[in-house]
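Subject: Structure handover

Hi,

Here is the structure I promised to pass on. Please open it next to this note; my findings follow below.

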Amino acid sequence: MKNLLIVFTLTLVFFTNSVAQEVQTVQLEQTKGQFTQQEVTLKAGTYIFEISNHNVDHKVGFVLAPKGKTSQKDHIKEAYVTKTIDIGEKSSSQEVTLEKGEYVYFCPLNPTPQYRLRVE
């Protein structure tokens, strides 16, 4: 009986952790000179950013950084898209775990303004 209780407890812990750490995708679209989503609010957690190029006449990219720290050394490298994005194409980042706080996102190639991403 004691072994059954231990197995049940371990299963419950594993299940709870796997549900709590579900990876979600945030889809963002770039047009000439801007992102169409100009502010994003998320819950603390793990995300993949999927960026699409909607008629920008050159390749685009994606940068995510803590608010007020936008130099390259402060970029969240896992949020970079895996390849620059041509017209009509999409590219995704690696998994990015975000904690509560303020961030900014922008395209270093387009270039776009810095947009607010808030994590609650």
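How many salt bridges does a search of the whole structure find? The count is 8. Please keep in mind that this is a predicted model.

**Salt bridges**

Side chains of opposite charge can pair when their charged atoms come close. Several cases are worth a look.

Start with E50 and K90. Their side chains form a salt bridge, at 3.8 Å from N to O. E50 belongs to strand β4 and K90 to strand β6 (residues 90-92). The two residues are 40 apart, and the pair links distant parts of the chain.

Next comes D86 with K59. Their closest N and O atoms are 3.7 Å apart, in a salt bridge. D86 sits in the loop between β5 (63-66) and β6, and K59 in the loop between β4 and β5, so this pair ties together parts 27 residues apart in sequence. D86 has a relative accessible area of 31% and is partly exposed. K59 is partly exposed too, with 41% relative accessibility.

Then look at E89 and K83. Here the closest N and O atoms of the salt bridge lie 3.0 Å apart. E89 counts as partly exposed at 31% relative accessibility. For K83 the relative accessible area is 42%, again partly exposed.

Finally, there is a network. Salt bridges link E39, E102, R116 and R118.

**Strand β9 and its partners**

Two residues of that network are in β9. R116 and R118 point to one face of the strand and are not buried. Y115, L117 and V119 point to the other face and are buried. The side chains thus alternate along β9.

β9 pairs with β3 in the parallel sense, over 4 bridges. In that pairing T41 stands opposite R118 of β9. β9 also pairs with β8, over 5 bridges and in the antiparallel sense. There Y103 stands opposite L117 of β9.

**The core**

L117 turns up again here. The largest nonpolar core has 24 residues. L117 is among those with the most contacts inside this core, together with L28, F49, F62, L64, L98 and Y105. Which elements give two or more residues to this core? They are β1 (23-31), β3 (39-42), β4 (45-53), β7 (96-98), β8 (101-106) and β9 (115-119).

**Two single residues**

A65 is the first. Its place is in strand β5. Is A65 buried or exposed? Its relative accessible area is 0%, so A65 is buried. Leaving aside neighbours within four places in sequence, A65 contacts T70, D74, H75, I76, Y103 and V104. One of these, I76, is 11 residues from A65 along the chain. The C-alpha atoms of A65 and I76 are separated by 5.5 Å. Another contact of A65 is Y103, the residue opposite L117 in β9.

N55 is the other. N55 is not a glycine, yet its phi is positive, at about 65°. Where does N55 lie? N55 is in the loop between β4 and β5. That is also the loop that holds K59. N55 is partly exposed, with a relative accessible area of 47%.

Best wishes

How values were computed. Residues numbered from 1 in each chain as written. Predicted model: local features only at pLDDT ≥ 70, side-chain atom pairs only at ≥ 80, totals over all residues. Heavy atoms only, no water. Core = buried A, V, L, I, M, F, W, Y, C linked by side-chain atoms within 4.5 Å. Buried < 20%, exposed > 50% of the residue type's maximum accessible area, 1.4 Å probe, protein only. Pairing = 2+ DSSP bridges. Salt bridge = Lys/Arg side-chain N within 4 Å of Asp/Glu carboxyl O. Contact = heavy atoms within 4.5 Å.
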